[in-house]
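Hi,

Here is the structure I promised to pass on. Have a look at it first, and then read my notes below.

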Amino acid sequence: MESIRENMQSIQQLIETTCRKSGRNPGEVKLVAVSKNFPVNIIMEAYQAGQRMFGENRVQELIQKVPQLPPDIEWHLIGTLQRNKVKYIIDKVSLIHSVDSLALAQEISKRALKAGVTANILLQVNISQETSKSGFSEEELLQNIKEISVLPGIKIKGLMTIGPLVAEAEEVRPIFRRLKELSVEIDGMKLPQVEMKELSMGMSDDFTVAVEEGATFVRIGSRIFGPRNYEEGGEEHEGFR
Ligand SMILES: *Cc1c(COP(=O)(O)O)cnc(C)c1O
């Protein structure tokens with residue numbers, strides 16, 4: 001198997017060539033290394049190869065890992081977040097990709113104020129409308145975004161989606177394209193505290209398509225770290241493909 005360093009280099013190269021082909025600046029695309037299910041010594045390999053942005057999808061796992069790893073790591077929460085767990089991560093993560101309800105946003109706001117931080121969030125949209133996935137429907141998003149945007153202690157940075165499981169990455173393109181369109185529509189609403197700068201989309205199998213369609217964060221796990229040995233837990237139901 002290739003080393004983690006080599007895997008990351010080849011991903012970065014693909015991001016760069018894809019950006020050049022589609023007239024984008026490669027600096028706009030940030031790689032979130034999805035380290036879920038991998039132990040800290042493996043994460044350190046990626047760190048030593050220069051990676052600083054890591055994504056975890058479970059609160060429990062995230063809070064166990066954070067104190068064992070260097071403080072200059074930027075942690076992203078990418079998985080479903082239960083309201084009663086917000087308090088554990090509010091001052092530990094730099095971006096929450098998976099805000100999927102008004103109630104969750106309200107809890108994040110409350111906890112951010114209490115902790116004296118500003119929570120950067122993305123709103124997760126279930127573009128593909130799969131019942132197994134969380135996220136706002138497009139309609140729900142448009143109904144709720146105003147109310148979320150005025151919550152104190154929160155900054156909406158953009159949108160996130162998880163592509164459906166498909167045979168060919170190309171089939172996910174309309175989903176990514178739609179997320180981009182939606183972010184442009186929302187930008188046009190000129191909501192005071194809403195920035196639509198970030199689009200979190202694309203995983204190991206479909207990230208080049210996502211980059212072509214405007215991704216600013218790609219969330220990549222298995223292509224860096226290798227296959228995960230899943231012990232299916234209660235919270236883990238997304239991203240397993
Ligand atoms: C696991 C996961 C990923 C990474 O998946 P890979 O296919 O291993 O790259 C990305 N996003 C989310 C939300 C995940 O849960």
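Let me start with one residue: Ser98 has a relative accessibility of 0%, so it counts as buried. Keep in mind that this is a predicted model. Ser98 is part of strand β4, which covers residues 95–99. Its side chain has a polar atom 2.7 Å from the backbone oxygen of Gly79. If you want to see what surrounds Ser98, show Leu77, Ile78, Gly79, Thr80, Leu104, Leu122 and Gln124: these are its contacts once neighbours within four places in sequence are left out.

Now the whole chain. By secondary structure, the protein chain has 9 helices and 8 strands. Its radius of gyration is 17 Å, and the globule rule gives 18 Å for 241 residues, so the chain is as compact as a globular protein of that length. Along the principal axes, the C-alpha trace spans about 50 × 40 × 30 Å.

How much of the chain is buried? Of the 241 residues, 55% count as buried. The accessible surface is about 11100 Å², and carbon and sulfur atoms make up 48% of that. Take the contacts in the chain with a separation of 6 or more: 61% of them are between residues 24 or more positions apart. As for charge, there are 30 positive and 34 negative side chains, and the centres of these two sets lie 5 Å apart.

Next, two buried residues that sit in loops.

Ile90 is in the loop between α4 (86–89) and β4. Its relative accessibility is 7%, so Ile90 counts as buried. Not counting residues up to four places away in sequence, Ile90 touches Ile108, Arg111, Ala112, Ala115, Val117 and Ala119. Phe207 is another matter: Ile90 and Phe207 are 117 residues apart in sequence, and their C-alpha atoms are 28 Å apart in space.

Leu151 is in the loop between α6 (138–149) and β6 (154–160). With 13% relative accessibility, it also counts as buried, since the cut-off for that is under 20%. Its contacts, leaving aside neighbours within four places in sequence, are Ala105, Gln106 and Ser109. Ile108, which Ile90 touches, turns up here too: Leu151 and Ile108 are 43 residues apart in sequence, with 9.3 Å from C-alpha to C-alpha.

Then there are two loop residues with a backbone angle to look at. As a reminder, most residues other than glycine have a negative phi.

Gln129 has a phi near 55°, a positive value in a residue that is not glycine. You will find Gln129 in the loop between β5 (119–124) and α6. Is Gln129 buried or exposed? Its relative accessible area is 59%, so Gln129 is exposed.

Lys190 is not a glycine either, and its phi is positive at about 50°. Lys190 belongs to the loop between α7 (173–188) and β7 (194–200). The relative accessible area of Lys190 is 68%, so this residue is exposed.

Two more exposed residues, and then I'm done.

Gln48 lies in helix α2, which runs over residues 40–48. It has a relative accessible area of 57%, so Gln48 is exposed. How far is Gln48 from Gly202, C-alpha to C-alpha? These two residues are 154 positions apart along the chain, and their C-alpha atoms are separated by 24 Å.

Asn229 is in the segment after α9 (222–225). Its relative accessibility is 67%, so Asn229 counts as exposed. Asn229 and Phe38 are 191 residues apart along the chain, while their C-alpha atoms are separated by 8.9 Å.

If you only open the viewer for a minute, go to Ser98 and its polar atom 2.7 Å from the backbone oxygen of Gly79, and then to Asn229 and Phe38, with 8.9 Å between their C-alpha atoms.

Cheers

Definitions and conventions: Residues numbered from 1 in each chain as written. Predicted model: local features only at pLDDT ≥ 70, side-chain atom pairs only at ≥ 80, totals over all residues. Heavy atoms only, no water. Helix = DSSP H or I, 4+ residues; strand = E, 2+ residues; numbered from the N terminus. Rg over C-alpha atoms; globule rule 2.2 N^0.38 Å. Buried < 20%, exposed > 50% of the residue type's maximum accessible area, 1.4 Å probe, protein only. Contact = heavy atoms within 4.5 Å. Areas by Shrake-Rupley, 256 points an atom, 1.4 Å probe, with all protein chains shown as cover. Lys, Arg positive; Asp, Glu negative; His and termini not counted. Charge placed at Lys NZ, Arg CZ, Asp CG, Glu CD. Polar contact = N/O pair within 3.5 Å; in protein donor to acceptor, adjacent residues only side chain to side chain.
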